[in-house]
Amino acid sequence: MRLLMNRLLWLGVVLAGGLGVGALAAAEEPPEPPARPYRPVGAPADPKVDIRWNRYYDYAETTEILQRLVETHPDRARLESLGQSHQGRELWLLTVTSFEKGDDRHKPALWMDGGIHGNEIQATEVCLYAAWYLLELYGQNPRITALVDERTFYILPMMNPDGRDAHMHAPNTTHAPRGGMTPHDADRDGLFDEDGYDDLDGDGHITQMRIRDPDGRHKPHPDYPDLMIPAGPDEPGEYRLLGWEGYDRDGDGRINEDPPGSYDMNRDFAWNWQPPYVQRGARRYPFAHPETRAVADFVMDRPNIAAAHTLHNTGGMFLRGPGTRDTGYEAEDVRVLDALGERGEAMIPGYRYLVLIDDLYEVHGGEIDWFYFMQGVYTFTIELFTPYNYFHERPEGWRGRPEEQHRFSEHLLFGDGLVPWREVDHPQFGRIEVGGLKKTWGRQPPSFMLEEECHRNAAFALYHAEQMPQVAVRSVETQALPGGLTEVTAVVANTRMTPTRTAIDLEHGITTPDVVRIEGEGFEVIAGMWSEEPFFRQPREQPRRPREMRVDRIEGMTAVYVRWIVAGEGPFAVVVESVKGGRARHEVERE
């Protein structure tokens with residue numbers, strides 16, 4: 001009790017003095033925390049170039065986005081045109097790297113292209129997103145910053161801008177046009193592009209035509225009546241399907257047999273190219289198109305390209321070559337591609353790592369094999385978007401079943417994926433009906449799925465870029481020898497998964513060997529050798545020009561050991577230069 005009275009007495013004294021109730025109330029409130037933009041995980045804080053990723057951009061809009069990225073990030077982005085398409089559109093190539101941290105040609109580079117097929121439009125958005133993400137996250141995310149500092153990204157969002165704009169703005173099916181817009185005589189009647197699609201109802205979509213016919217072999221689906229399915233073998237049909245919207249313009253009895261874009265730029269590359277009678281879609285000779293020729297010229301002038309992603313749709317696939325049965329990939333390279341592909345499967349649910357010739361179809365003159373066999377580059381063709389995304393169920397077939405598309409359209413798109421059947425007048429068939437899937441649905445993600453598709457595929461490309469070779473001089477040791485000589489041993493490492501040269505590169509000498517050089521004045525190199533293990537039990541001596549040791553390649557996540565016998569004082573430096581693995585330097589001071 002006495003203790004409690006003493007405390008009350010003390011409190012009364014304090015309140016009667018300078019620290020009264022008013023003084024306590026006047027004490028300063030803690031300062032408000034500074035306002036900061038809310039940054040969701042994985043997104044840039046307050047992006048300088050604000051872009052919506054739930055929509056598609058045509059050629060003019062894509063050009064404007066690329067220009068904004070370069071204007072906003074001039075130290076890390078440059079835009080150039082590789083040439084012009086058949087219709088005169090620029091082939092925009094964006095280079096992303098920290099130019100302050102070195103020349104783009106001296107860093108390991110990843111090539112990324114989209115839109116070689118005009119109707120495969122989301123490839124452009126994935127390319128744009130990858131560039132935007134690298135530039136906007138620079139300085140905010142350490143791994144992204146390191147990628148932009150240490151790597152180069154050559155990004156071509158639209159290899160076929162003519163075909164892509166035609167798909168977006170002209171009436172088409174979801175599958176057309178696949179090629180560019182160079183006139184082409186697909187039916188070999190001496191006329192060019194004379195019998196294409198006709199938008200009979202003027203809605204901008206080319207859908208199916210049908211007529212009621214008890215002798216037809218199709219009927220409406222019992223659950224999705226807009227979907228036509230084959231009638232059973234023991235039941236009568238209700239409709240006859242007449243093909244895509246169109247009519248016979250040239251009087252040859254056929255419809256839509258010579259539409260614009262009826263060739264395939266991805267059959268135009270100079271590896272195992274075959275003429276049109278062997279490979280459908282090919283034209284007169286390899287690189288017959290201005291677009292593919294421009295790509296080849298640029299790529300062949302950049303031997304530092306160590307990885308390539310060519311983006312297509314659809315089916316959710318990471319495809320590696322070969323594309324034909326008469327060629328094969330080196331086993332060592334397959335192991336690397338396997339490791340990358342398995343990581344891709346884990347990063348993008350529903351995607352599968354497959355072999356083009358075994359799991360899809362044969363492709364002569366394909367970009368994927370040209371990059372691998374002729375440029376020595378680890379390459380994936382990626383088929384964007386998978387029907388697994390509909391309901392997170394493994395689809396039947398690489399495009400899924402039509403029932404899944406209709407069910408998805410009904411429940412998640414509220415019917416917006418379809419054109420309801422309606423009657424129109426046909427100049428040759430009379431009164432018919434047209435309807436079915438819109439051109440904007442089937443091969444392309446709907447708006448709310450597009451951003452995820454962009455991010456996951458960009459993330460896989462950045463993972464591949466991280467695993468491109470990266471050389472480093474890990475250590476340099478010296479040891480005095482009799483007669484005033486010194487033994488200098490350098491450990492030169494490749495710190496990433498992929499070797500500095502592919503096995504196919506090594507076999508055919510596509511690029512030059514890696515070089516490990518000892519530099520400086522005041523000393524003479526007497527001898528030089530290198531080994532794949534530190535004990536030099538089977539060294540490879542280089543009698544000529546031993547200052548500059550030529551190393552075949554450095555395997556992934558390992559090192560080579562380079563040794564010189566030198567006479568003289570030094571000091572000196574050890575430099576490693578790899579065409580696809582970058583450069584590194586280590587200064588050494590003699591004691």
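This is a short conversation about burial, charge pairs and cysteines in a predicted model.

Reader: Let's start with Leu 311. What makes Leu 311 count as buried?

Author: Its relative accessibility is 2%, and buried means under 20%, so Leu 311 is buried. You'll find Leu 311 in strand E9, residues 305-313.

Reader: Which residues is Leu 311 in contact with, leaving aside neighbours within four places in sequence?

Author: Met 112, Asp 113, Gly 114, Gly 115, Ala 123, Val 126, Cys 127, Ile 382 and Leu 384. There's also a C-alpha separation to look at: 6.3 Å between Leu 311 and Glu 383, which sit 72 residues apart along the chain.

Reader: Cys 127 is on that contact list. Why is Cys 127 called buried?

Author: Cys 127 has a relative accessible area of 0%. The cut-off for buried is under 20%, so the label fits Cys 127.

Reader: And how do you know that Cys 127 is in no disulfide?

Author: Look for the nearest cysteine sulfur: that of Cys 454, 9.4 Å away. A disulfide needs the two sulfur atoms within 2.5 Å, so Cys 127 is in no disulfide. Turn it around and Cys 454 has Cys 127 as its nearest cysteine sulfur, so Cys 454 is in no disulfide either. Cys 454 is also buried, at 0% relative accessible area. Across the whole structure, the search finds zero disulfides.

Reader: On to charges. How many salt bridges does the structure hold?

Author: There are 40. One of them pairs Asp 198 with Arg 249.

Reader: What makes Asp 198 and Arg 249 a salt bridge?

Author: Their side chains meet at 2.5 Å, N to O. The limit is 4 Å, so the pair qualifies. This one links distant parts of the chain, with the partners 51 residues apart. Asp 198 is in the loop between helix H6 (161-169) and strand E5 (208-212), while Arg 249 is in the loop between strand E8 (239-244) and helix H7 (290-300).

Reader: Are those two buried or exposed, or partly exposed?

Author: Asp 198 has 8% relative accessible area, so it is buried. Arg 249, at 44% relative accessibility, counts as partly exposed, because partly exposed is the range between under 20% and over 50%.

Reader: Why is Glu 423 called exposed?

Author: Exposed means over 50%, and Glu 423 has 52% relative accessibility, so it counts as exposed. Its salt-bridge partner is Arg 431, at 3.3 Å, N to O. Arg 431 is at 48%, so it counts as partly exposed.

Reader: What about Arg 517: which residue does it form a salt bridge with?

Author: Glu 519, with the closest N and O atoms 2.8 Å apart. Salt bridges with shared partners join these two with Arg 545, Glu 548, Glu 577, Arg 585 and Glu 587 into one network. Arg 517 is buried at 16% relative accessible area, and Glu 519 is partly exposed at 24%.

Reader: Last one. How do you know that Asp 104 has no salt bridge?

Author: The nearest side chain of opposite charge is Arg 302, 4.3 Å away. The limit is 4 Å, so Asp 104 misses out, although it is buried. Asp 104 is in the loop between strand E2 (90-96) and strand E3 (109-114). Not counting residues up to four places away in sequence, Asp 104 touches Arg 302, along with Thr 95, Thr 97, Phe 99, Thr 152, Tyr 154 and Asn 304.

How values were computed
Residues are numbered from 1 along each chain as its sequence is written. This is a predicted model: local features need pLDDT of at least 70, side-chain atom pairs count only at pLDDT 80 or more; totals for chains, interfaces and linings use all residues. Side-chain values use heavy atoms; hydrogens and water are left out. Helices (H or I, at least four residues) and strands (E, at least two) are DSSP runs, numbered from the N terminus. Buried means under 20% relative accessible area, exposed over 50%, partly exposed in between (1.4 Å probe, protein chains only). Lys and Arg count as positive and Asp and Glu as negative; His and the chain ends are not counted. Contact means heavy atoms within 4.5 Å.
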